Structures are given as C-alpha cells and as structure tokens.
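Please open the model in your viewer and keep the selection tool at hand. The stops below say what to select next and what is to be found there.

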Amino acid sequence: MENQGDTAHLLARVSTLPSILYNYHRRRKPSSKTKSTPPIIYNQGSFSREIGHAAAETYLITRLSFKLLSCLGLGYRWITRFLGLALYAMLLMPGFIQVAFYYFFSPLVRRSVVYGDQPRNRLDLYLPAKIDSPKPVVVFVTGGAWIIGYKAWGSLLGKQLSEHDIIVACIDYRNFPQGTIGDMVEDVSQGISFVCSSIADYGGDPNRIYLTGQSAGAHISSCVLVKQAIKESRGETVSWSTSQIKAFFGLSGAKDDEVNSKLL
C-alpha cells in the first residue's frame with residue numbers, strides 16, 4: 001500500500017511539470033530581452049567612433065599633404081596655375097570641337113589614303129571646295145617628339161589652306177618604338193613619292209609641290225631631302241626627285257648636322 005501511495009504522488013508531481021516549465025520560461029523572457037539590449041547600443045557606439053576616427057585621419061592626411069606641397073613649392077601657386085591651365089583648355093575646347101567635326105565629317109577630307117605597306121603608311125588629303133584647275137600642293141609632316149606624331153595634328157592647317165584653294169597632304173609615319181629615325185625617314189619619303197605620282201588624280205598640280213614640317217616633322221623632312229639628294233648624286237634609282245619640290249619650310253625642327261649625319 002505504501003508503494004502505491006508513493007507512485008500516485010510521483011505521477012501527480014510529473015503531471016504538474018509542464019506548467020512549472022512554462023512559468024519558468026515566462027519569467028526568463030524579460031531578463032533575456034534586457035540582456036540583449038546592451039550589445040546593440042555598444043555596436044552603434046563603436047561604429048560612430050570608427051566614422052569619427054576615419055574622418056580625423058582623412059583631415060590629418062589632407063592637411064599634411066598640403067603642407068608637404070607647400071614645402072616643395074607646389075602649394076597654392078601650383079594649384080592656381082593648374083586651374084588656370086584647365087580654364088585655358090576649356091576656352092580652347094570649342095575650337096577643338098569645330099576642327100574635330102570638320103576632320104571626321106567633312107566630305108572635303110580624304111582620310112587615311114594608303115601610300116605604303118606599313119601600318120602607319122597613311123596620309124590625309126584636304127581638298128578645296130571647288131577644283132576647276134590644278135591646285136598647288138603642300139605636303140605637311142607633323143611633329144610629336146618622334147613619339148606621338150600623327151597625321152590628324154595637321155587638320156587645322158589643312159582646313160585653313162584648303163579654304164584658299166591649296167591641297168594639303170598630311171603624312172603619317174611610324175613613331176618610336178614602332179620604328180627608328182631611319183624608318184620614319186623612309187615612310188615620309190614614300191609618302192612624298194605617292195604625292196608626286198598621284199596628286200594629279202585629286203586635282204593637284206605635280207609641278208607645284210611644297211614640303212613643310214614642324215618640330216620632329218621638320219627634322220624628318222630635312223633628312224628625307226638630304227638622303228634623296230645623296231641618292232640622286234650617286235646615280236641611284238629613285239621614285240621621286242628633289243627637283244619636284246618647289247620649296248621646303250622647316251618650322252622649329254632639330255638641325256644638328258652631326259646628329260643628322262649619323263641618322264642618315
């Protein structure tokens with residue numbers, strides 16, 4: 001009988017266990033909420049401190065950079081000059097846009113006419129609006145420190161002279177490191193040969209051809225003439241003659257005789 005009483009008492013205790021666990025869980029909820037709040041507040045504060053630290057570091061680096069530039073003589077004077085250069089470029093931009101539009105869209109410009117078998121053996125032709133008789137021809141070799149020369153640099157000259165009934169041929173050539181000075185001289189010589197033999201097909205007068213070059217282009221053009229004259233004096237076969245060039249105009253080109261002789 002005692003065992004049966006103990007068993008009944010134990011069953012009664014077990015039956016009340018779910019309610020005890022439920023009440024315990026309800027009592028624990030508020031405390032868990034209050035404990036979860038501090039980490040959120042802590043994370044927000046840490047993020048704010050990181051932002052403030054980054055801003056302070058940025059300000060410090062900027063201030064030290066300006067101080068360094070000032071010590072090097074590149075402070076406000078350098079900045080004002082840079083801004084002045086940017087303003088100057090902006091003022092010139094309308095003219096650049098006008099010339100670029102003419103170069104790419106004008107029917108009077110024959111771009112990239114092939115004169116040789118090398119990748120840069122191309123020339124641009126600027127033709128007058130009306131060709132009723134053979135026109136004088138100007139062959140222009142652009143500059144560019146033997147590195148960045150390009151036929152399009154002569155677009156403004158071509159535009160101006162073609163408006164005065166002059167045909168302009170701007171010759172492109174290989175630049176360094178694509179080729180040596182000797183390769184550049186050879187390219188320009190081939191371009192001049194093409195103009196002498198084919199310019200009549202575009203309305204030009206082969207008896208009135210003028211050669212001009214600017215900077216590196218003047219140096220290359222002068223080397224072309226000297227080398228061609230040497231070939232003619234030796235009786236070598238040539239595709240064009242220096243006598244076909246009515247005049248040569250070299251603008252701000254290198255004219256060191258010793259350097260030119262080595263390059264030739």
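Select helix 4 (residues 155-162) together with strand 2, strand 3 (135-141) and strand 4 (167-171): the helix lies across these three strands and runs at about 35° to strand 2. Helices (H or I, at least four residues) and strands (E, at least two) are DSSP runs, numbered from the N terminus; axes are lines fitted to C-alpha atoms, for helices over the stretch in contact, and angles run from 0 to 180 degrees between N-to-C directions. Contact means heavy atoms within 4.5 Å. This is a predicted model, in which local features need pLDDT of at least 70 and side-chain atom pairs count only at pLDDT 80 or more, while totals for chains, interfaces and linings use all residues. Residues are numbered from 1 along each chain as its sequence is written, and side-chain values use heavy atoms, with hydrogens and water left out.

Next, colour the strands. An open sheet of 6 strands has the order 1-2-4-3-5-6, with mixed pairing, where two strands pair if DSSP finds at least two bridges between them. Its edges are strand 1 (109-114) and strand 6, each of which pairs on one side only, and the twist averages 20° from one strand to the next.

At one edge, select strand 1 and strand 2 (residues 122-126), which pair in the antiparallel sense over 4 bridges; Arg110 stands opposite Leu125 in strand 2. Stay in strand 1 for Ser112, a residue other than glycine whose phi is positive, near 55°. Ser112 is partly exposed, with a relative accessible area of 35% (buried means under 20%, exposed over 50%, partly exposed in between, with a 1.4 Å probe and protein chains only).

At the other edge, strand 5 (residues 204-214) and strand 6 (residues 245-251) pair in the parallel sense over 6 bridges. The chain crosses from strand 5 through helix 6 (residues 216-233) to strand 6 in a right-handed β-α-β crossover, meaning that, with the strands pointing away from the viewer, the path from the first strand over the helix to the second runs clockwise. Within this pair, Thr212 stands opposite Phe249 in strand 6.

Which residues touch the most other members of the largest nonpolar core? Of its 29 residues, they are Leu123, Val139, Ile192 and Val195; a nonpolar core is a set of buried Ala, Val, Leu, Ile, Met, Phe, Trp, Tyr and Cys residues joined through side-chain atoms within 4.5 Å. Helix 5 (181-198) is one of the elements that each supply at least two residues of this core, and the largest share, 8 residues, comes from helix 5. Apart from this core lies another, of 8 residues, among them Tyr102, Val109, Ala152 and Cys170. Now centre on Val139, which, leaving aside its neighbours within four places in sequence, is in contact with residues including Ala169, Ile192, Ile209 and Leu211.

The last stops are in loops. Pro177 is found between strand 4 and helix 5, and the peptide bond from Phe176 to Pro177 is cis, with omega near 10°. Ala145, in the loop between strand 3 and helix 4, has a positive phi of about 60° although it is not a glycine, and Ala145 is partly exposed, with a relative accessible area of 43%. Finish at Ala254, in the loop between strand 6 and helix 7 (257-263); Ala254 and Gln214 are 40 residues apart in sequence and 9.7 Å apart in space, C-alpha to C-alpha.
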